[in-house]
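Please look over the sequence and model below. The report after them takes up selected residues, a helix and the metal sites.

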Amino acid sequence: MSVKLIKKLETVYVARCQWVVGRGADGADITGHGLTWQRESPDDALIIIEEHAAKTYAIPGTEETRPYHVWVERVTRYRDGSEESVTVREHNRPAPQSYGTIWVCMDCMLHHANGECGGCHEGHDEEPLSSIGDGFHVAMGMALIDHAEGCLWRELASRSPRQGDPALDDYECDCDTNTYSTSQCEGCGSWLHGERHAMTLFKD
Ligand SMILES: [Zn+2]
Ligand SMILES: [Zn+2]
Ligand SMILES: [Zn+2]
């Protein structure tokens with residue numbers, strides 16, 4: 001965190017509303033710039049997005065309807081022309097698009113979980129998670145459909161897809177760990193043989 005000594009000009013609340021204006025050739029959403037309202041009080045900005053959050057619209061060229069993606073940012077403007085913004089409330093954020101399972105080495109997995117690994121001091125073979133690319137992020141574990149056929153956990157979770165079902169906590173499977181692999185790590189590109197852990201790749 002850097003300390004800012006430049007004088008503050010103003011703090012305002014900006015309400016934003018965004019929606020899908022069409023679909024690309026690959027079927028991906030094309031999102032328009034949407035609407036922006038600037039208000040001096042947070043309550044005025046929140047009223048605007050609460051109203052829009054409750055409405056739905058039809059995606060052009062499809063039968064699909066969706067709620068608007070709306071959020072409020074607190075924006076602080078400084079005398080030097082710079083500004084900082086923090087999201088203070090958000091509704092109907094679109095789910096990130098999954099790009100499937102990737103298998104990463106222990107260093108990548110530990111960096112994702114803890115921000116460091118045992119190799120940080122001796123030096124990494126490759127910079128952990130450096131192959132993920134801009135505009136993508138990863139989450140631990142794999143999608144249900146990528147679990148092995150006959151995995152008991154998969155079977156239970158498919159039967160009762162409710163999240164946080166306590167019955168599921170009693171079971172654990174090892175689908176997301178490969179104890180020895182000679183394949184390249186898909187997180188950093190390292191060829192070092194060893195453990196690989198499943199992660200799911202998402203587009204932001
Ligand atoms: Zn490390
Ligand atoms: Zn499994
Ligand atoms: Zn790696």
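## Thr 76 and its strand

Thr 76 lies in strand 7. Helices (H or I, at least four residues) and strands (E, at least two) are DSSP runs, numbered from the N terminus. Thr 76 counts as buried at 10% relative accessibility. Buried means under 20% relative accessible area, exposed over 50%, partly exposed in between (1.4 Å probe, protein chains only). Thr 76 touches Lys 8, Glu 10, Thr 11, Ser 82, Glu 83 and Glu 84, leaving out residues up to four places away in sequence. Contact means heavy atoms within 4.5 Å.

Strand 7 runs antiparallel to strand 8 (residues 83-91), and eight bridges join them. Two strands pair if DSSP finds at least two bridges between them. Val 75 has Ser 85 in strand 8 as its bridge partner. The hairpin of strand 7 and strand 8 has four residues between the strands, and Gly 81 there takes a positive phi near 95°.

## Basis of the model

This is a predicted model, in which local features need pLDDT of at least 70 and side-chain atom pairs count only at pLDDT 80 or more, while totals for chains, interfaces and linings use all residues. Residues are numbered from 1 along each chain as its sequence is written, chains are lettered from A and ligands numbered from 1 in the order in which they are written, and side-chain values use heavy atoms, with hydrogens and water left out.

## Tyr 68 and His 52

Tyr 68 sits in the loop between strand 6 (65-67) and strand 7 (69-78). Tyr 68 is buried, at a relative accessible area of 17%. Apart from neighbours within four places in sequence, its contacts are Cys 17, Gln 18, Trp 19, His 52, Lys 55, Thr 56, Tyr 57, His 91 and Asn 92. Tyr 68 and Pro 94 are 26 residues apart along the chain, and their C-alpha atoms are separated by 9.2 Å.

His 52 belongs to helix 1 (residues 42-53). His 52 is buried too, with a relative accessible area of 15%. Its side chain reaches the backbone oxygen of Ile 48 at 3.0 Å. Not counting residues up to four places away in sequence, His 52 touches Cys 17, Trp 37, Tyr 68 and Val 70.

## Helix 2

Cys 108, Met 109 and His 111 are buried in helix 2 (residues 106-114). They lie on the same side of helix 2, because they cover an arc of only 165° around the axis. The arc is that of the directions from the helix axis to the C-beta atoms. An α-helix has 3.6 residues a turn, so residues three or four places apart point the same way.

The cover over the buried residues of helix 2 includes strand 9 (97-105), strand 10 (136-140) and strand 12 (194-203). Gly 115, just after helix 2, takes a positive phi of about 80°.

## Zinc ions 1 and 3

Helix 2 residue His 111 is a zinc donor. The zinc ion (ligand 1) is coordinated by His 111 (NE2), Cys 117 (SG), Cys 120 (SG) and His 124 (NE2), at 2.0 to 2.3 Å. Donors are N, O and S atoms within 2.8 Å of the metal (3.2 Å for Na, K and Ca); water is not among the atoms, so sites may look incomplete. The donor residues of ligand 1 are spaced H-x5-C-x2-C-x3-H. The arrangement is tetrahedral because the four donor atoms subtend angles of 102 to 122°. Four donors count as tetrahedral if all angles lie between 85 and 135 degrees. Cys 117 is buried at 11% relative accessible area, whereas His 124 is partly exposed at 21%.

The zinc ion (ligand 3) has Cys 105 (SG), Cys 108 (SG), Cys 185 (SG) and Cys 188 (SG) as protein donors, 2.3 to 2.4 Å from it. Their spacing in sequence is C-x2-C-x76-C-x2-C. Angles of 104 to 116° make this arrangement tetrahedral. Cys 105 is buried, with a relative accessible area of 11%. Cys 108 is buried at 0%.

## Zinc ion 2

His 147 (ND1), Cys 151 (SG), Cys 173 (SG) and Cys 175 (SG) are the protein donors of the zinc ion (ligand 2), lying 2.1 to 2.3 Å from it. The donor residues are spaced H-x3-C-x21-C-x1-C. The site is tetrahedral, with angles of 97 to 117° among its four donor atoms. His 147 counts as buried at 8% relative accessibility. Cys 151 counts as buried at 7%.

Notes. Four donors count as tetrahedral if all angles lie between 85 and 135 degrees; four count as square planar and six as octahedral if opposite donors are over 155 degrees apart and all others between 65 and 115; anything else is irregular. A polar contact is a pair of N or O atoms within 3.5 Å; within protein, one must be able to donate a hydrogen and the other to accept it, and residues adjacent in sequence count only if both atoms are side-chain atoms.
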